[in-house]
Amino acid sequence: MLQKTLGIVLHTLKYKDTSLIADIYTEVAGRASFMVSIPRSRKAAVKPVLFQPLALVELEADFRPNATIYKVKEAKSLYPFATLPYDPYKSAIALYKSSMALFLSEFLYRAVREEAENRPLFAYLYHSVIWLDECREGFANFHLVFLMRLSRFLGLYPNLEDYHAGDYFDLQNACFTPLRPQLHSTYIAPGEA
């Protein structure tokens with residue numbers, strides 16, 4: 001059944017000479033794989049340049065119940081980037097000299113395995129990418145803050161309900177404690193916790 005959805009491109013892989021497989025985190029289906037035909041014509045409904053890391057796209061795809069790869073019928077840019085792929089500072093932030101968009105999309109590709117609708121996660125990813133593109137200064141630690149906040153959706157965020165100023169963070173038991181752990185040395189001191 002043809003259905004329209006919004007998506008964030010996580011990863012692409014060239015398949016033969018005429019198509020590519022794109023892993024996209026979508027608003028209605030979570031993470032899904034799509035077969036994208038590479039057209040020879042300039043007037044085609046789907047252009048492969050739309051499928052860059054973290055690109056925000058609007059898709060019309062054939063979602064069949066038992067399929068694992070869906071066919072894209074139409075695609076267009078949902079939000080054309082103003083700075084993200086072009087700003088050398090944003091490109092230089094990420095690790096190992098790759099661009100931030102590549103680093104974050106590769107991390108999301110490896111970490112987000114959810115193949116069901118999760119609109120809060122999609123909204124977080126969508127607004128984070130737009131914020132990064134629109135931000136003019138103060139984005140040096142964006143990737144760290146992004147990953148820390150993403151950990152809530154992945155189930156890794158520490159429970160802060162019992163936190164009080166001056167508590168240690170016990171890494172082995174994943175909890176805050178007012179006393180320094182005596183049985184092991186894997187903890188974070190109060191100033192850093």
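L104 is placed in helix α2 of a predicted model. With a relative accessibility of 2%, L104 counts as buried, since the cut-off for buried is under 20%. Beyond its neighbours within four places in sequence, L104 is in contact with L54, F142, H143, F146 and L147. F142, H143, F146 and L147 are among the α4 residues that meet α2, and L54 belongs to the loop between β3 and β4.

**Overall chain**

- The protein chain has four helices and eight strands.
- Counted from the N terminus, the order of elements is β-β-β-β-β-α-α-α-α-β-β-β.
- The C-alpha trace extends over about 65 × 40 × 25 Å along its principal axes.
- The protein chain has 193 residues, of which 41% count as buried.
- Among contacts with a separation of 6 or more, 52% are between residues 24 or more positions apart.

**Helix α2**

- Helix α2 covers residues 100-111.
- Its 12 residues should span 16 Å at 1.5 Å a residue, and the C-alpha atoms at its ends are 16 Å apart, so the two values agree.
- The buried residues in α2 are M100, A101, F103, L104, S105, L108 and Y109.
- General geometry bears on how such a list is read: an α-helix has 3.6 residues a turn, so residues three or four places apart point the same way.
- L104 in α2 also has a C-alpha distance of 9.7 Å to V129, a residue 25 positions away in sequence.

**Packing of α2 on α4**

- Helix α4 covers residues 142-154, and its axis comes within 12 Å of the axis of α2, with a crossing angle of roughly 15°.
- An angle under 35 degrees counts as roughly parallel, and α2 and α4 are therefore roughly parallel to each other.
- The α2/α4 crossing is right-handed.
- On the α2 side the contact is made by M100, F103, L104, F107, L108 and A111, and on the α4 side by F142, H143, F146, L147, L150 and L154.
- By class, these residues comprise 11 nonpolar, one polar and no charged.

**Helix α4 and its end**

- For the 13 residues of α4, 1.5 Å a residue predicts a span of 18 Å, and the end C-alpha atoms are 18 Å apart, which agrees.
- F142, H143, F146, L150 and S151 are buried in α4.
- Of these, F142, H143, F146 and L150 also take part in the contact with α2.
- G155, just after α4, has a positive phi of about 85°.

**Packing of α3 on α4**

- Helix α3 covers residues 119-134, and the α3 and α4 axes come within 11 Å and cross at roughly 175°.
- Since an angle over 145 degrees counts as roughly antiparallel, α3 and α4 are roughly antiparallel to each other.
- From α3, P120, L121, Y124, L125, S128, W131 and L132 meet F142, V145, F146, R149, L150 and F153 of α4.
- The α3/α4 contact is made up of 11 nonpolar, one polar and one charged residues.
- F142, F146 and L150 of α4 appear in the contact with α2 and also in the contact with α3.

**Loop residues with positive phi**

- Most residues other than glycine have a negative phi.
- K16 has a positive phi near 60° and is not a glycine.
- K16 sits in the loop between β1 (2-15) and β2 (19-26), and its relative accessible area of 60% makes K16 exposed, the cut-off being over 50%.
- L54 likewise is a non-glycine residue with a positive phi, near 65°.
- The loop holding L54 lies between β3 (30-37) and β4 (56-62).
- L54 is buried, with a relative accessible area of 2%.

**A29 in the β2–β3 loop**

- A29 is placed in the loop between β2 and β3.
- A relative accessibility of 18% is under the 20% cut-off, so A29 counts as buried.
- Not counting residues up to four places away in sequence, A29 touches F63, E115, A116 and E117.
- The C-alpha atoms of A29 and V9 are 13 Å apart, with 20 residues of sequence separation.

How values were computed: Residues numbered from 1 in each chain as written. Predicted model: local features only at pLDDT ≥ 70, side-chain atom pairs only at ≥ 80, totals over all residues. Heavy atoms only, no water. Axes fitted to C-alpha atoms, helices over the stretch in contact; angles between N-to-C directions. Helix = DSSP H or I, 4+ residues; strand = E, 2+ residues; numbered from the N terminus. Parallel < 35°, antiparallel > 145°, perpendicular 65-115°, else oblique. Left-handed = near helix turned anticlockwise from the far one by under 90°. Contact = heavy atoms within 4.5 Å. Nonpolar A, V, L, I, M, F, W, Y, C, P; charged D, E, K, R; others polar. Expected span 1.5 Å × (residues − 1). Buried < 20%, exposed > 50% of the residue type's maximum accessible area, 1.4 Å probe, protein only.
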